[in-house]
Amino acid sequence: MPTYLENLSEYADALRTLKETIITNIVLLGQEPAPTFKEKTRSQLFLDRLSDFGVDECTIDGYQNPIGIIRGTTKDKAPIFVVAHMDTAVSKDVNHNYVVNEETITGAGIMDNSVGVGALASLPFIFKSLGLKFESDIVLAGVIQSIGRGNLRGIRHLLKTWSTPIRGAVCIEGGELGRLNYSSYGMIRGEIECAIPMESGFEPQFKPNAILILNEIINQILQLCLPQRPRSRIIIGKISGGHKHGLIAYEAALGFEIQSDSDSMVKTIFGDITDIVNGAGHEYRVDLKLNTISSLHASRVGYAHPLVKSAVAAMHRLNLKPVSEPSESELSIFLAHDIPAVTLGVTRGRDYHREGATMEIEPMFNGIAQILGVILAIDSGVCDGV
Amino acid sequence: MAYDWLKNNTFHHSEFADLERLVEAKQDKNLKISLCLPTLNEEKTIAKEILIMKSELMNRFPLIDEIVVVDSGSTDRTREAAEAYGARFYPAADILPDTGNFMGKGENLWKGLYITQGDIIIYLDADIKNIHHRFAYGLLGPLLLTDQIKYVKAFYDRPIALGKNKLRSTGGGRVTELVIRPLFSLFLPELTQIIQPLSGEYAGFRGILENIPFPIGYGVETSMILDIYTKWGLEVMAQTDLDRRIHRNQATLALGRMAFVIMKTFINRKVKLGLIDLKKQMFDEMIQYNHVENEYQPVTYKMEGLERPPMIEVPAYREKFVRGN
């Protein structure tokens with residue numbers, strides 16, 4: 001058995017004795033609102049916590065990503081990155097006061113991604129408490145502007161400006177425990193905006209309706225034939241529009257995402273949607289705009305890659321069953337830079353994107369132990385020379 | 001009136017963020033510190049409060065020696081939540097049972113003196129939603145780093161929770177501004193320098209706390225200030241800005257009852273000191289009115305303003321705490 005697997009169960013037990021500090025990090029960081037583009041206060045607190053725990057170097061990079069570096073025992077090994085996105089999809093106005101009880105923690109944004117950020121901030125304390133030392137420098141990066149319109153800007157900037165090779169990376173997500181992502185879709189995230197030009201004075205009663213036009217566009221999108229190979233899909237994820245019940249909607253917007261194993265298929269489908277939008281604009285004589293919010297290239301390390309195998313072994317050692325699906329998180333950017341990386345989930349939870357999002361405390365200890373296992377595996381050289 | 005006290009004895013919690021320095025001071029002075037949390041149905045906030053204090057001020061920095069919860073008879077899971085994170089939980093009724101049992105925060109604080117071991121006791125309300133360990137170390141700082149200060153009160157910007165997802169960024173000090181500050185201005189203007197005399201967070205040396213009486217209910221904060229001021233003077237007191245505290249909002253009628261008890265406590269103290277004369281005994285019922293089916297119906301609340309004597313006068317306490325001072 002590789003040495004990095006030997007002590008994982010003991011680590012999980014030891015982590016239970018550190019629960020107050022791990023939960024404190026989750027709560028203190030999670031209670032600081034951090035909607036995308038407004039992560040500054042949480043980032044500063046994250047950095048303060050790293051500094052409190054004696055991390056060797058704490059800094060904010062040129063893009064405002066907070067970063068801590070724990071110096072390794074040798075100078076000739078490339079660093080290992082451990083990252084979690086700082087931002088949440090929760091507005092600042094929402095109540096961020098968490099409720100802790102014996103088995104769960106409840107609060108806005110906890111699963112995506114306060115528990116991930118809290119676990120990341122706890123790593124220096126955990127390493128020290130468990131007596132873990134690494135040959136590589138460990139770079140703990142809280143990356144900003146990741147989700148939605150953030151378009152992974154924080155991690156893109158960090159990797160673009162990082163000047164030395166990177167040995168491997170672990171991306172931490174709050175949930176779900178058992179996830180093991182090692183590939184990412186090709187993806188285009190887009191938004192269709194429909195606006196009905198308003199005229200002054202009396203408006204005709206039967207003008208085109210922005211919501212109905214988007215409805216027509218949805219119907220046409222649903223009629224597109226998508227291949228089974230390469231696997232491809234279109235997600236209609238978001239819709240908004242209108243002013244009040246008795247008034248024709250003058251504005252409406254539709255958010256969608258195209259995902260596919262193949263970049264060229266993403267491009268083809270996007271071309272089809274562009275045609276649908278242009279056709280509807282022409283037919284109904286309304287303003288229709290198709291905006292691209294973000295895009296990603298499909299990339300992957302294979303299941304046979306030693307990093308993936310090590311992650312699977314670590315999870316099995318902790319009686320976790322790995323579930324693998326493509327992901328479009330920070331992982332994509334690492335893979336795009338040819339840096340071997342995986343995404344792991346910390347714990348189980350429910351209502352991820354609601355105000356009453358809840359995480360379970362007990363599974364978290366195995367979740368963090370598997371992260372330690374993968375970091376140890378990378379430090380033992382599983383990614384070297386592959 | 002000079003405002004020297006406000007200038008000299010007002011601190012900000014950030015002045016005490018160097019926790020190693022506080023731990024050194026604690027060890028140099030050979031002190032024990034207890035954190036006492038009075039509770040009544042606080043299952044939503046108590047665990048968070050305990051675990052943050054335990055993590056930061058017990059496990060990481062050995063500043064607090066014990067966390068004790070004194071409970072007025074919660075019917076929710078306050079006990080389970082508190083014990084799950086390592087606090088010692090005591091129903092108030094089980095402490096000094098021979099002295100009887102009353103419901104009220106002051107009663108819990110008084111009994112907390114008996115059950116705790118510390119030379120310094122920190123009292124924090126258990127309903128603080130944005131709890132942070134600064135609430136404790138901000139109060140401890142002046143006690144540990146100076147020699148003359150023996151009692152520290154918190155003050156803060158107090159947004160109040162107005163229901164789901166709504167916070168009001170000012171206010172929360174209505175009883176202070178409408179009742180206490182006018183009374184202080186009329187009789188003891190020096191005490192107006194205390195920014196939030198009714199704040200529920202304070203810390204003090206046992207030697208001070210065991211020598212003052214404790215009203216069992218709302219009047220406890222007012223009486224503490226008046227009694228400490230009268231016995232030892234303003235110079236032994238300090239106040240620390242803890243920035244922001246989010247707590248439950250209270251209805252106006254509930255604040256009215258609070259104001260009743262506070263005024264009664266204040267007037268009783270003034271009578272005792274000979275500062276005012278009462279020609280007639282005060283009543284001990286607060287009468288409020290509800291509008292029901294086109295009629296105003298009186299609702300009467302009996303609030304006798306009972307007080308516990310200084311703990312040092314309780315024989316069982318003296319037996320337990322035999323000290324040289």
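**Domains, sheets and a chain interface in a predicted model**

Six residues of domain 1 of chain A are in contact with seven residues of domain 2 of chain A. Sorted by class, the domain 1 side of this meeting place has one nonpolar, three polar and two charged residues. The model described here is a predicted one. In it, chain A is divided into domain 1, made of residues 3–184 together with 298–379, and domain 2, made of residues 190–296. The centres of domain 1 and domain 2 of chain A, taken over C-alpha atoms, are separated by 35 Å.

A good next stop in chain A is an open sheet of four strands, which follow the order β11-β12-β10-β13 with antiparallel pairing. At its edges are β11 (232–241) and β13 (287–296) of chain A, each of which pairs on one side only. From one strand to the next, the twist averages 15°. Nine bridges join β11(A) to strand β12 (residues 251–260) of chain A, and the two run antiparallel. Within this pair, Ile236(A) stands opposite Phe256(A) in β12(A). A helix also belongs in this picture: α8 (residues 263–284) of chain A packs on the sheet and touches β10 (186–195), β11, β12 and β13 of chain A. The direction of α8(A) makes about 10° with that of β10(A).

For readers new to sheets, a general point helps here. Strands of a sheet pair through backbone hydrogen bonds, and they do so either parallel or antiparallel. Chain B offers examples of each kind.

Chain B has eleven helices and 15 strands. Eight strands form an open sheet in the order β1-β11-β6-β9-β5-β2-β3-β4 (chain B), and the pairing is mixed. The edge strands of this sheet are β1 (10–12) and β4 (88–91) of chain B, each pairing on one side only. Here the twist averages 25° from one strand to the next. A parallel pair is found where six bridges join strand β2 (residues 33–39) of chain B to strand β3 (residues 66–71) of chain B. In that pair, Thr39(B) has Asp71(B) of β3(B) as its bridge partner.

Antiparallel pairing appears around strand β9 (residues 202–205) of chain B, which is joined by four bridges to strand β5 (residues 120–123) of chain B. Three bridges join β9(B) to strand β6 (residues 151–157) of chain B, again in antiparallel fashion. Gly204(B) in β9(B) takes part in both pairings: Gly204(B) is the bridge partner of Ile121(B), and Gly204(B) is also the bridge partner of Tyr151(B).

The overall form of chain B can be described too. Along its principal axes, the C-alpha trace of chain B spans about 60 × 45 × 45 Å. A compact globule of 325 residues would have a radius of gyration near 20 Å, and the 19 Å of chain B therefore agrees with that expectation. Of the 325 residues of chain B, 46% count as buried. Among the contacts in chain B with a separation of 6 or more, 74% are accounted for by residues 24 or more positions apart.

Finally, the two chains meet, with 16 residues of chain A in contact with 22 residues of chain B. On the chain A side, the elements that give two or more residues are α3 (19–30) and β4 (99–100) of chain A. The largest share of that side, six residues, comes from α3(A). By class, the side of chain A that touches chain B has seven nonpolar, six polar and three charged residues.

Conventions
Residues numbered from 1 in each chain as written. Chains lettered and ligands numbered in written order. Predicted model: local features only at pLDDT ≥ 70, side-chain atom pairs only at ≥ 80, totals over all residues. Nonpolar A, V, L, I, M, F, W, Y, C, P; charged D, E, K, R; others polar. Rg over C-alpha atoms; globule rule 2.2 N^0.38 Å. Buried ≥ 20, exposed ≤ 12 C-beta atoms within 10 Å, placed from the backbone. Pairing = 2+ DSSP bridges. Domains from an automatic or database assignment. Axes fitted to C-alpha atoms, helices over the stretch in contact; angles between N-to-C directions.
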